[in-house]
Structure formats: structure tokens, C-alpha cells
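Colleague: Got a minute to walk me through this model? I'd like to talk helices and odd backbone angles.

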Amino acid sequence: MPGRLRAVELVHVRMPLVRPFATVHGVTRAKDSLLVRVVYDGVEGWGECAVETEPGYTGETLDGARVALREYLVPRVFAGRDLGNGRGNEFARSAFECALLDAQLHAAQVSLASHIGGVRDHVTAGVAIGLHDDIGALRALAAEYVAQGYTRLKLKIVPGRDIEPVAAVRDEVGPDVAIAVDANGSYSFEAAMQLAALDAFGLQCIEQPLSPDAFEAHALLAAGLVPPLCLDESITSAPLAELAISLGACGMVNVKPGRVGGIEAARAVHDACRIRAVPVLIGGMLETGIGRAVNIALASLPGFTETGDCSASDRYFADDLTEPFGLEGGTLAVPTGPGIGVVPRAEVLRAQTVRRERLRP
Ligand code: MG
């Protein structure tokens, strides 16, 4: 893009979660994110790299993303080049692309949702629920979210902790709330076949039962299960979405801009699925308001016909980094301001900053 990148800041923030979030990869008690702030031709832009601090969901880490930005990606753009098409570092690339686009859209006074072709002013909110040892506590939490207006619950599962929690939550919330499960790739093929016992509970989808590379096995599994399989970790690009769909490995795709390398790449995955009539949903990485704004804007695209993981700010944080996103009748308003439509609040940013690096040309 024309113009000149004047300065970049990498701001590591640590945001306490209102409750711990447990998956097969471990328990998150505070969300670490690397914010990218750019000044482009005098205009500020923000992006969020919400990758985890340890390998698990992906091989990329927060520290790795910082090095990739500081040593490779930012110097390229300081030198007047584009981000390039080097492999890997998708979360880092996504955050930087977002910050540059945010500045560009601020200069043009255009919202992100308008820029990408969003068609909704509100998106339906969903909520992801971590692993719980205590089924009573799980039931109470599910009931609390439904009372708040959430119409879709996604339960994390692992082998041996699947049928009972799903049965309990279905019993608690009744038949009208959509329930999905997400295994984060923790099942063997044989163990995943046992998930046929979940058919009684009318699931929206079963997300990522097998390891990310297991495309053929997902196709075999899909043929034996009633709910559609939704792939998350497997789909790191539009061509892989096309491959998975052509193999019959999924009937739904979870899209996260960080996982696929940015907003443009996320839209490409959306487009690939849409022309093949495969619905997509927006996932989440426990983002602050910066990343949440991007996810909600993406969810306004026409192919996002399934409710995903976009939640209100208070599901995660007592005090979000940006003005908080609140539920409006079970929906979230798509930001309408220029760019991503939100900025960090100075006092929250100051209080939650762990480390700040300023990069210059
Ligand atoms: Mg997932």
C-alpha cells in the first residue's frame, strides 16, 4: 500500500480471565496477547496476536511471534516492501496485517465490516465452555450463559469426558439451545467413533476430533457420525479448506484470522467454503476487544450462517482492553467506526502491559 510506516510498537498484555479456561492443552488463567500498534503516515492502527504462550493449539507461540515481527515482518515493511508470502508465523502476520489495515481504513474513514463486504449489523453470540471436573458446576455455568442470552454453547471435550458432560448440559438447557463440542484434536480414530453416542443430543457440530493432519481419517469418521464435523486446527489456508471439503472431511469450518494468517486469508477461507455451500463459523482465541472486534466484523460476512464463538467481553474479562462488547438480545453489534472500530483504553492498557518494545525504521 502507498505511504510510509513510521513506527511500530509491540505491546505484550496479560489480562486476567474471569474464570480459568481448560482444554486438552492446559488451563489458561490469564490471557497473554501481543498487540501491534503501527503509525502509518501519521495514522494509528492496532492488531492483536492472540496466539498462546506455549505450543499446543498451534506450533506458533507469543515469543516466537514477537521475534518474527521484530526481526522479519516489520523490517520488511519499514523497507517499503509488503508482508511477503513467507511460510508460517500466521498469528504474527495476521496481527501486523490488521494494524496496517486499521490505519489505512482510519485514513479512509471506512469500517472493517464495510471494507470486507459484511452484510449484518449484529451477529449471534456463542460461548465456549472449558473442561470441568464438576458436572454440577458445568450445568450451573451453562444455565448462566443461557440466561444471559447465549443461544449456542460449545463444550470442550477429551476422551472419557464427553458423553456425560454433553448429556448433563443438554438436560440443563433444553432442546432449543445449540450445543457443539470441540476436542482440539485429542481423539484417536477408534475413540472418536464412540462419539456416535452423542447423536442423541442433537449437536450443531463436532469440532476437530482428530489431529490436524488427519484429513482422510476425518472423512472416514464423518461418514460414520450424524453431526457435521467442523475443522479448526486442520484448516490453515483456503486450499486446505478446499481439500477438506472435497474429501468429505468436514461439513463446517471454524475460521480464525490468526490461524490462517490474516483478515484477507480468513475471507479467502470463507469464500472457498461459501461457493461449496459449506457453512463457516468464527472461532476465538480468548482475544481482547481488539481481536474480538475483528472476529465480529468477519462474522458479518454472508457465509457465517452458523453461530460461532464470539462472546461478550464480560465472558472473559472484568475489564476489557477496549470499550466492552455487550450482549444485545443474544447478539453482538458489529463495530461501525472506522477501521476495526475500537482502540485500547489507555488506563487498562497501562495496567495490563507486561512489556513494550518500540521499533523504528
Ligand atoms: Mg476449536
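Modeller: Sure. It's a predicted model, so local features need pLDDT of at least 70 and side-chain atom pairs count only at pLDDT 80 or more, while totals for chains, interfaces and linings use all residues. Residues are numbered from 1 along each chain as its sequence is written, and side-chain values use heavy atoms, with hydrogens and water left out.

Colleague: Where is the kink in helix 1 centred?

Modeller: Helices here are DSSP runs of H or I, at least four residues, and strands are E runs of at least two, numbered from the N terminus. The bend at a residue is the angle between axes fitted to the seven residues ending there and the seven starting there. Helix 1 (residues 62-78) has a kink of about 45 degrees, and its centre is Leu-69.

Colleague: Is Gln-208 buried or exposed?

Modeller: Gln-208 sits in the loop between strand 8 (206-207) and helix 7 (215-224), and has a positive phi of about 40 degrees although it is not a glycine. Buried means under 20% relative accessible area, exposed over 50%, partly exposed in between (1.4 Å probe, protein chains only). With a relative accessible area of 0%, Gln-208 is buried.

Colleague: And what is the relative accessible area of Asn-89?

Modeller: Asn-89 lies in the loop between helix 1 and helix 2. Its phi is also positive, near 55 degrees, in a residue other than glycine. Asn-89 is partly exposed, with a relative accessible area of 32%.
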